[in-house]
4 protein chains.
Amino acid sequence: MPPRIHEQSVRVRYEETDRMGVVYYSNYFVYFEVGRTELMRSLGVAYRSLEDEGIHLPVSEASCRYLGSLHYDDLALVETWISGLGKARITFDYRISRLEGDRRAKVAEGSTTLACLSAEGRPRRFPETVRSLLREAMGQLGG
Amino acid sequence: MPPRIHEQSVRVRYEETDRMGVVYYSNYFVYFEVGRTELMRSLGVAYRSLEDEGIHLPVSEASCRYLGSLHYDDLALVETWISGLGKARITFDYRISRLEGDRRAKVAEGSTTLACLSAEGRPRRFPETVRSLLREAMGQLGG
Amino acid sequence: MPPRIHEQSVRVRYEETDRMGVVYYSNYFVYFEVGRTELMRSLGVAYRSLEDEGIHLPVSEASCRYLGSLHYDDLALVETWISGLGKARITFDYRISRLEGDRRAKVAEGSTTLACLSAEGRPRRFPETVRSLLREAMGQLGG
Amino acid sequence: MPPRIHEQSVRVRYEETDRMGVVYYSNYFVYFEVGRTELMRSLGVAYRSLEDEGIHLPVSEASCRYLGSLHYDDLALVETWISGLGKARITFDYRISRLEGDRRAKVAEGSTTLACLSAEGRPRRFPETVRSLLREAMGQLGG
């Protein structure tokens with residue numbers, strides 16, 4: 001089964017552009033954050049709730065390839081899916097496109113790996129209910 | 001006695017510009033933060049140490065007038081001084097200039113008022129030693 | 001007639017918080033930008049189109065009073081309206097609230113004044129059609 | 001010959017932290033920008049001057065591995081060197097450490113590849129004088 005792809009649109013803010021007239025490269029990683037936050041919310045696993053339970057997911061690796069550009073006021077589509085799930089780590093992949101009517105022009109693709117840590121900063125397993133939902137979204141059988 | 005004016009230079013980052021080619025307006029408030037952090041450090045009152053002692057200084061008011069602009073790679077000078085000190089609040093004033101050799105072209109001036117709060121978020125007095133240093137920097141007699 | 005108040009919701013991003021756990025003070029000015037962009041879009045005066053016509057609206061004054069705080073993942077409501085309109089300047093006022101079900105808890109209010117400049121950076125009048133729409137939104141008779 | 005490693009210190013700003021209390025992951029890419037800007041300045045190839053000559057260097061790939069964390073007010077060391085140079089692209093590698101007196105604790109390492117584009121956005125060669133300086137810094141014979 002293919003992974004579940006979550007779609008989230010983001011409007012480019014003036015603040016996110018730079019003097020080249022396009023979105024500054026580090027801001028794509030902020031869009032990635034919006035993408036994974038909303039994917040998890042759609043699964044019923046609000047990231048905020050995880051933190052309230054003492055689970056932190058700091059990023060351990062991040063990468064992006066830039067294939068085009070986004071301008072001020074563009075409507076961007078952030079597609080996010082889970083591409084890897086370990087005992088104490090999870091990898092999200094992303095594709096960002098510029099929406100132009102019905103067309104989508106791909107402008108970037110990337111990946112982030114997050115570690116699952118306890119409040120004390122030690123690696124820990126995902127809670128079983130969470131892990132089950134994440135596996136299902138990844139396209140594997142849940143549980 | 002006039003207040004002590006602290007001078008701190010800041011190099012404009014590409015990330016801080018916008019598609020108009022100049023520093024985006026909200027980033028001046030980040031420069032203000034750099035200014036007051038370094039003023040306090042110069043007084044021997046590191047803001048970080050205050051937080052470690054359970055004292056938080058959230059901003060309650062902020063304002064800026066923009067008189068010019070800053071471009072990528074400009075060297076800006078942030079001048080900061082204490083313009084007001086209450087029991088549980090402090091006001092910093094700022095002047096930002098673009099450095100061009102020996103000349104300074106003023107590009108912005110502003111002000112921020114910070115509340116002094118306990119770790120629980122309740123207004124509290126500054127510790128006496130801190131208050132004394134702040135008063136002295138403000139140009140009043142210490143103590 | 002009262003001014004037209006535009007409402008825009010914004011989801012707080014992790015990136016926008018600071019180590020105090022709340023939205024960093026300069027980011028409220030980014031929310032203000034989102035508010036005025038969307039107010040103008042709702043009037044049929046896309047800010048992006050203005051720039052394409054060689055009209056720039058740099059901020060000349062900005063201020064904010066902070067009355068509460070926003071946390072990660074909060075849904076904030078940005079209310080924006082035009083409070084002043086001159087020959088070559090416009091003032092937007094803002095109110096930001098935290099949405100909690102049906103309730104709105106006000107967390108900030110502010111104001112920004114923007115200059116109307118030509119592509120060469122000189123003050124210029126708003127085009128008459130634009131001015132008419134802005135006046136109407138401000139609650140005055142258009143034209 | 002090994003590449004020339006440029007060292008640049010950066011003080012962590014409050015704005016750059018997030019509610020986990022550490023520097024938000026996308027901001028490392030801003031530190032990378034500071035690193036490559038200052039490396040190029042030290043070579044006599046100010047990035048700003050390149051743009052003035054119609055040469056743009058947008059990022060085409062970026063990656064970072066996070067090995068530790070940076071807190072508010074930490075002094076970070078950004079080490080930058082050129083690890084690859086093609087006809088119309090250049091790769092910078094980075095290592096970021098937290099400075100603790102004489103010790104350096106590595107917190108991140110990363111890489112960015114930039115395309116060399118004309119003002120019209122087409123790939124172009126670096127000017128020969130620039131290319132020569134970059135090759136030399138990379139540890140190859142200049143020219």
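Me: In this predicted model, what share of the interface residues of chain A are also interface residues in chain D?

Reply: The model is a predicted one, and the two copies, chain A and chain D, meet through the same surface. That follows because the interface residues of chain A are also interface residues in chain D, and the share is 100%.

Me: Which kind of axis relates chain A to chain D?

Reply: Two copies of a chain are related by a rotation about an axis and a shift along it. Here a rotation of 180 degrees, with 0.0 Å of shift along its axis, superposes chain A on chain D with an RMSD of 0.0 Å. That relation is the one given by a two-fold axis.

Me: Which residue of chain A has the C-alpha nearest the axis?

Reply: The C-alpha in question lies 2.0 Å from the axis that relates chain A to chain D, and in chain A the residue that holds this position is S63(A).

Me: Which strands stand at the edges of the open sheet of ten strands?

Reply: The open sheet has the order β1(B)-β4(B)-β5(B)-β6(B)-β3(B)-β3(C)-β6(C)-β5(C)-β4(C)-β1(C), and its pairing is antiparallel. Each edge strand has a single partner strand, so one side of it is left without a neighbour in the sheet. The strands in this position are β1 (6-11) of chain B and β1 (6-11) of chain C.

Me: Which residue of β6(C) stands opposite C64(C)?

Reply: In chain C, strand β3 (residues 59-66) and strand β6 (residues 103-115) run antiparallel and are joined by seven bridges. Opposite C64(C), in β6(C), stands G110(C).

Definitions and conventions: Residues are numbered from 1 along each chain as its sequence is written. Chains are lettered from A and ligands numbered from 1 in the order in which they are written. This is a predicted model: local features need pLDDT of at least 70, side-chain atom pairs count only at pLDDT 80 or more; totals for chains, interfaces and linings use all residues. Side-chain values use heavy atoms; hydrogens and water are left out. Two strands pair if DSSP finds at least two bridges between them. Helices (H or I, at least four residues) and strands (E, at least two) are DSSP runs, numbered from the N terminus. Copies are superposed by least squares on the C-alpha atoms of residues with pLDDT of at least 70 in both. Contact means heavy atoms within 4.5 Å.
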